Amino acid sequence: MAGDYDLVVVANRLPVDRVEEPDGSTSWRRSPGGLVTALEPVMQREDGAWVGWAGTPGDPPEPFDAEGVRCVPVGLSEQEVEDYYEGFSNGTLWPLYHDVIVAPGYHRSWWEAYVRVNERFAEAAAEQATEGATVWVQDYQLQLVPRMLRRRRPDLSIGFFNHIPFPPFEIFAQLPWRKAVIDGLLGADLIGFQRAADANNFTRACRRASNLPARSGRIRLDAEGGREVRAASFPISIDFAALDELAEREDVKARAAEIRRDLGNPEHVLLGVDRLDYTKGILHRLKAFEELLDDGGVKVEEASLIQVATPSRERVEQYVQLRQDVEVTVGRINGTHGTIKNTAVHYLHHSYGREEMAALFLAADVMLVTALRDGMNLVAKEYVASRHDERGVLVLSEFTGAADELGQALMINPHDIDGLKDAILRALRMSPREAGRRMRSLRRRVGDHDVQRWAASFLQALADHHTTEAAVSVAAAAERGSS
Ligand code: ADP
Ligand code: G6P
């Protein structure tokens, strides 16, 4: 049965989360993470539907409109939240795709739930899509959906975008269900990745795990009449203009000044903004800052670090451990180096609204992005978009997708604590002239490559590929008919 929408986005999460208030009422809150940050402004301009989970277990609410987007909820039971979301998605795939920073768990019951829930998302998407519609499947939680959709609806044009890294085959090979995952993804016409290296890792996995002919981002499926799937990189971005405008607002600038005053007007404000995730290198950043305080490179009277850490995946074991480690470390640094007047690290375990985030970016002289592995890292791009004053220095891990584009940041290897300390000192001492030159170049890049451009280029490539493939299959049918 075909639905009403020419464009359907399918993602594990809807752009808003359902929140049960203490008085029993429900309200909606913006969902965490970069996927929602990027896709929400795109979908606000499109007349499409967004299929996803509302963030709490139980029966799904009825379809509704939020922030100008049509939302179609998919339900997950308590057990599915444990096995599909916390288990296979965030206990198996997330660590496996992020360089096995922590050990992935491989459990058949998690995999079975993943298959079952992917079927449910595929069914929900198929119900929303008109004949010949475009369905754009998002991220690692839904890698089987493209194949499941194609089986149900061969008329659709199907795209997939992987927001996180795709690992080298030597790591991917650990996955007991590696062939099934590759086959699931190959249901798509076009598979997008953040970096060229991710697309290469994927084509190599097609060759090595599934023995498929795959060259220069094209994978040929002889079992499907020679259908070709394209894999390529489309680095994701942010709504630059919206953030630039927000950061220029007088109330936001006043709030930034107020934040600095509340900190006691230190000479230097450093900032980290992350989901509380082990991929973000928060402990490495704290270690470097602590050592700088220990050896006198920075003084607590002169420099404050604000670390904003959004609560994330709070029931997954490694996240519970990380939170403890971060909080113990912050406590130790403040206990050793704080004074009645000065706090070394301001640790904030909350989510904030867009205005407050923009004010924080504007208040920070140095932005620390020290991820050990990150598909893109939109925070780095948001910092740049907020700095219309062309001030501020971005310290950026070379293990982020953003590093491929933001060459004028101070690049660091977060494992090299001495190198990280040197980069922090260099950022603190950088002349306004050099900082301005670097920031101008960073802003040009992010301004020219915003999220609208990302979405348009992916959807255009999908349409082009689909048209070519359709022409090839018509020609093949004609050939068969004439012979
Ligand atoms: P990830 O998708 O892994 O979380 P990104 O850096 O790509 O990492 O995206 C994170 C997004 O979440 C950004 O848009 C950032 O502004 C937002 N964010 C992070 N921390 C907070 C917070 N404490 N409050 C509000 N938004 C936050
Ligand atoms: C990353 C992932 C997203 C995910 C987000 C937040 O950005 O790529 O798919 O939605 O983190 O994580 P969560 O588990 O809360 O959805």
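Visitor: How much area is buried between domain 1 and domain 2?
Guide: In this predicted model, about 2,200 Å² is buried between domain 1 and domain 2, and carbon and sulfur atoms give 56% of that area. On the side of domain 1, the residues that lose the most area to domain 2 are Trp94, Ile101 and Arg195, which together make up 24% of what that side buries.

Visitor: Okay, and where do those two domains run along the chain?
Guide: The domain assignment gives domain 1 as 5-236 + 453-480, and domain 2 as 240-449. Their centres, taken over C-alpha atoms, are separated by 31 Å, and the contact takes 30 residues from domain 1 and 23 residues from domain 2.

Visitor: How many salt bridges are there between domain 1 and domain 2?
Guide: There are three salt bridges between the two domains, and the count of residue pairs in polar contact between them is 10, with both residues at pLDDT 80 or more.

Visitor: Which helices supply residues to the side of domain 1 that touches domain 2?
Guide: Helix H1 (34-45) and helix H2 (78-97) each supply at least two residues of that side, and H2 gives the most, with eight residues.

Visitor: How do the residues of that side divide into nonpolar, polar and charged?
Guide: The side of domain 1 that touches domain 2 divides into 14 nonpolar, seven polar and nine charged residues.

Visitor: Changing topic, which residues are closest to ligand 1?
Guide: Ligand 1 is surrounded by 16 residues, and the closest are Gly34, Arg275, Thr310, Tyr352 and Glu382.

Visitor: What is the distance from an oxygen atom of ligand 1 to an N or O atom in the side chain of glutamate 382?
Guide: That distance is 2.5 Å for glutamate 382, while an oxygen atom of ligand 1 lies 2.8 Å from an N or O atom in the side chain of lysine 280. With valine 379 the partner is a polar backbone atom, at 3.2 Å from an oxygen atom of the ligand.

Visitor: Back to salt bridges: what does the count come to?
Guide: The count comes to 42 salt bridges. Among them, the side chains of arginine 260 and aspartate 365 meet with 3.1 Å from N to O.

Visitor: And where do arginine 260 and aspartate 365 sit?
Guide: Arginine 260 is in helix H9 (residues 250-262), and aspartate 365 is in the loop between helix H12 (354-363) and strand E16 (366-369), so that the pair links distant parts of the chain, 105 residues apart.

Visitor: Which side chain meets arginine 373 in a salt bridge?
Guide: The side chain of aspartate 99 meets arginine 373, at 3.1 Å from N to O.

Key. Residues are numbered from 1 along each chain as its sequence is written. Chains are lettered from A and ligands numbered from 1 in the order in which they are written. This is a predicted model: local features need pLDDT of at least 70, side-chain atom pairs count only at pLDDT 80 or more; totals for chains, interfaces and linings use all residues. Side-chain values use heavy atoms; hydrogens and water are left out. Domain bounds come from an automatic or database domain assignment. Contact means heavy atoms within 4.5 Å. Buried area is the accessible area (1.4 Å probe) that two parts lose on being put together, summed over both. A salt bridge is a side-chain nitrogen of Lys or Arg within 4 Å of a carboxyl oxygen of Asp or Glu. A polar contact is a pair of N or O atoms within 3.5 Å; within protein, one must be able to donate a hydrogen and the other to accept it, and residues adjacent in sequence count only if both atoms are side-chain atoms. Helices (H or I, at least four residues) and strands (E, at least two) are DSSP runs, numbered from the N terminus. Ala, Val, Leu, Ile, Met, Phe, Trp, Tyr, Cys and Pro count as nonpolar, Asp, Glu, Lys and Arg as charged, and the others, Gly among them, as polar. A residue is near a molecule or strand if one of its heavy atoms lies within 4 Å of it.
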